Amino acid sequence: MISSTKSISLAIPVSAIALALGGCAVAPPSAPSVVALPHKGESLDQFQQNDYACRDYAYRSTNASGGAQAATTNSVNSAALGTLGGAAIGALFGAAGGNAGAGAAIGAGSGLLIGGASGANSAQYSAAGLQAHYDAAYAQCMTAKGDTIAQPRPYYVAPQPYYVAPQPYYAPPPGYIAPPPVMYAPYPYY
């Protein structure tokens, strides 16, 4: 029974770390996020060949798998540094409170949480950058072959009107006499 309890207590933190670091993975772009349209008179077979060739060109020209690997490594390192930094700070606070081990464990957990969130955020930005480079290369290739790229219509939103209530005016009570204004004398020179 002890070995199963020990294995469960070991499996829970390992699975938590694996889930936290799994959110940091960056996949290379697999398809463009822009719409290409064939030029007038082009057959579907020719358009599909152009599409395939341009997808291949975009994938090779952006080094997508290398960029995705670098972004994943960077985000995992961020989570690892957060864990180590949190453990160190937690150990310092725990030592001040009399239990350095508990402080280190709490600090490591919170450091993993914050570092993992930071790594996932940077991974998301890296994936968006990779996709933008892929889309640009794909669009250039398709345009060079005579096809067109559909431009999305801009979405305009009018700002919502908002109401600001005026400051309430409170009249002085009846019979109120205001104090006389304060006059300051000039500074005396001695």
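Read from its start to its end, the protein chain runs through its helices and strands in the order α-β-α-α-α-β. That makes four helices and two strands. The model is predicted, and confidence in it varies along the chain. The mean pLDDT of the protein chain is 76, with 77% of the residues at 70 or more. Among the elements, helix α1, covering residues 2–22, has the lowest mean pLDDT, 55, while α2 has the highest, 90. Where pLDDT is low, predicted coordinates should not be read in detail. The rest of this account therefore turns mainly to α2, the element with the highest mean pLDDT.

Some figures describe the chain as a whole. Of its 190 residues, 22% are buried. The chain exposes about 14,200 Å², and carbon and sulfur atoms supply 67% of that area. Its contacts can also be sorted by distance along the sequence. Among those between residues at least 6 apart, 83% join residues at least 24 apart.

The way into α2 is a loop that follows β1 (35–37), and S43 sits in this loop. S43 is partly exposed, with a relative accessible area of 40%. Its side chain reaches the backbone nitrogen of Q46 at a distance of 3.2 Å.

Helix α2 itself takes in residues 44–62, 19 residues in total. From its first C-alpha to its last, α2 reaches 27 Å, close to the 27 Å expected at 1.5 Å a residue.

Which residues of α2 are buried? They are F47, N50, D51, C54, A58 and T62. Seen down the axis of α2, these buried residues fall within an arc of 100 degrees, so they line one face of the helix. The face turned away from that buried side carries exposed residues, namely D45, Q49, Y52 and R60. To follow this in the structure, look along the axis of α2 and find F47 and C54 among the buried residues, then find Q49 and Y52 on the face turned away from them.

Another residue of this helix is Q48. Is Q48 buried, partly exposed or exposed? With a relative accessible area of 45%, Q48 is partly exposed, since that value lies between the 20% limit for buried and the 50% limit for exposed. Q48 can also be compared in position with P38: the two are ten residues apart in sequence, and their C-alpha atoms are 9.2 Å apart in space.

After α2 comes N63. The phi of N63 is positive, near 50 degrees.

Note on methods. Residues numbered from 1 in each chain as written. Predicted model: local features only at pLDDT ≥ 70, side-chain atom pairs only at ≥ 80, totals over all residues. Heavy atoms only, no water. Expected span 1.5 Å × (residues − 1). Buried < 20%, exposed > 50% of the residue type's maximum accessible area, 1.4 Å probe, protein only. Arc of directions from axis to C-beta. Contact = heavy atoms within 4.5 Å. Areas by Shrake-Rupley, 256 points an atom, 1.4 Å probe, with all protein chains shown as cover. Polar contact = N/O pair within 3.5 Å; in protein donor to acceptor, adjacent residues only side chain to side chain. pLDDT = per-residue confidence, 0-100.
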